[in-house]
Amino acid sequence: MIKDDEFIRNDGVPITKEEIRALSLSKLNLIHSDSVIDIGCGSGGMTIEMAKIAKKAYAMDNSEDAINTTKANLEKFNIGNCELISGDAKEELEKVLKKLKESNESNELNALPSENLKIFIGGTQNIEEILKIANKYSIKTIVSNTIVVNTGLKIAEILENYGYEIDLINMNVSYGRKIKSGYMMIARNPITIITAKK
Ligand SMILES: C[S@@+](CC[C@H](N)C(=O)[O-])C[C@H]1O[C@@H](n2cnc3c(N)ncnc32)[C@H](O)[C@@H]1O
């Protein structure tokens, strides 16, 4: 796992912290033949960890600052198998899925990438539309992180209604800070990790 402070950072662009990345990656269970779409790539923390394992990564964000930060990190970590897409996932997700579907059909491979295409969601604006598209294209594994509990529950509920099996985790991480008498633990914001499988 890459340390948080190894990433290039820009003001106002969030990053998924190392421990949350580790658990989210484990829930995604990526293998080399998988492709992955990162919705809301922020600083590229998850994008880079996922692209290091997967065959191909697609990373999208609706913030130009986030796109520029991810681009800088892709260069820093020498990642060559990632397509960076600027725009809202509400529109961009379907474009990527459509393109993959068409290229699969022209190669006379199986229907869609659904078996080996996974989605990670770190950005949750327009989440209803995004989940609707993921379900329409029969994506089998979706992992999402949310800081707002209500959003996490909403995602779980929507996906459950689409027939996914849900695994819901709240992750609380505390970091030891050395003080005179020993270590005190400083808590970070808890993050909800939703894993949905079909
Ligand atoms: C918490 S950050 C993600 C951090 C990232 N996983 C990382 O490791 O660096 C969420 C990002 O999602 C983006 N975002 C939120 N909703 C989005 C949407 N519907 N489409 C595209 N990007 C979105 C935000 O601009 C923000 O950069």
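Two strands pair if DSSP finds at least two bridges between them. With that criterion in mind, this tour of a predicted model proceeds from the sheet to the helices.

**Confidence.** Colour the chain by pLDDT before selecting anything. The average is 95, and 94% of the residues score at least 70. The model has an ipTM of 0.99 and a pTM of 0.95. Where pLDDT is low, the predicted coordinates should not be read in detail.

**The β5–β9 pair.** Select residues 141-146, which form strand β5, together with residues 191-197, which form strand β9. These two strands run antiparallel to each other and are joined over 6 bridges. To see one bridge, display Ile-142 and its partner in β9, Ala-196.

**The whole sheet.** Widen the selection to the open sheet of 7 strands, whose pairing is mixed. Read across the sheet, the order is β3-β2-β1-β4-β5-β9-β6. The edges are formed by β3 (82-86) and β6 (165-171), each of which pairs on one side only. On average, neighbouring strands are turned by 15 degrees against each other, direction ignored.

**Helices on the sheet.** Next, show α2 (residues 45-53) over strands β1 (35-39), β2 (56-61), β3 and β4 (117-121), across which this helix lies. The direction of α2 is at about 180 degrees to that of β1. Then add helix α3, residues 64-76, which packs on the sheet and touches β2 and β3. The direction of α3 makes about 165 degrees with that of β3.

**α1 against α2.** Keep α2 in view and add helix α1, residues 18-28. The axes of the two helices come within 11 Å and cross at roughly 45 degrees, which means that α1 is oblique to α2. The crossing is right-handed. For the contact itself, display Arg-21, Ser-24, Leu-25 and Leu-28 of α1, which meet Gly-45, Met-46, Glu-49, Met-50 and Ile-53 of α2. These contact residues comprise 5 nonpolar, 2 polar and 2 charged.

**α5 against α6.** Finally, select helix α5 (residues 127-136) and helix α6 (residues 149-161). Their axes lie 11 Å apart, and the packing angle is about 30 degrees. This crossing is right-handed. Which residues make the contact? On α5 they are Ile-127, Glu-128 and Leu-131, and on α6 they are Lys-154, Ile-155, Ile-158 and Leu-159. By class, the contact of α5 with α6 contains 5 nonpolar and 2 charged residues, with no polar residue.

Terms used
Residues numbered from 1 in each chain as written. Predicted model: local features only at pLDDT ≥ 70, side-chain atom pairs only at ≥ 80, totals over all residues. Heavy atoms only, no water. Axes fitted to C-alpha atoms, helices over the stretch in contact; angles between N-to-C directions. Helix = DSSP H or I, 4+ residues; strand = E, 2+ residues; numbered from the N terminus. Parallel < 35°, antiparallel > 145°, perpendicular 65-115°, else oblique. Left-handed = near helix turned anticlockwise from the far one by under 90°. Contact = heavy atoms within 4.5 Å. Nonpolar A, V, L, I, M, F, W, Y, C, P; charged D, E, K, R; others polar. pLDDT = per-residue confidence, 0-100.
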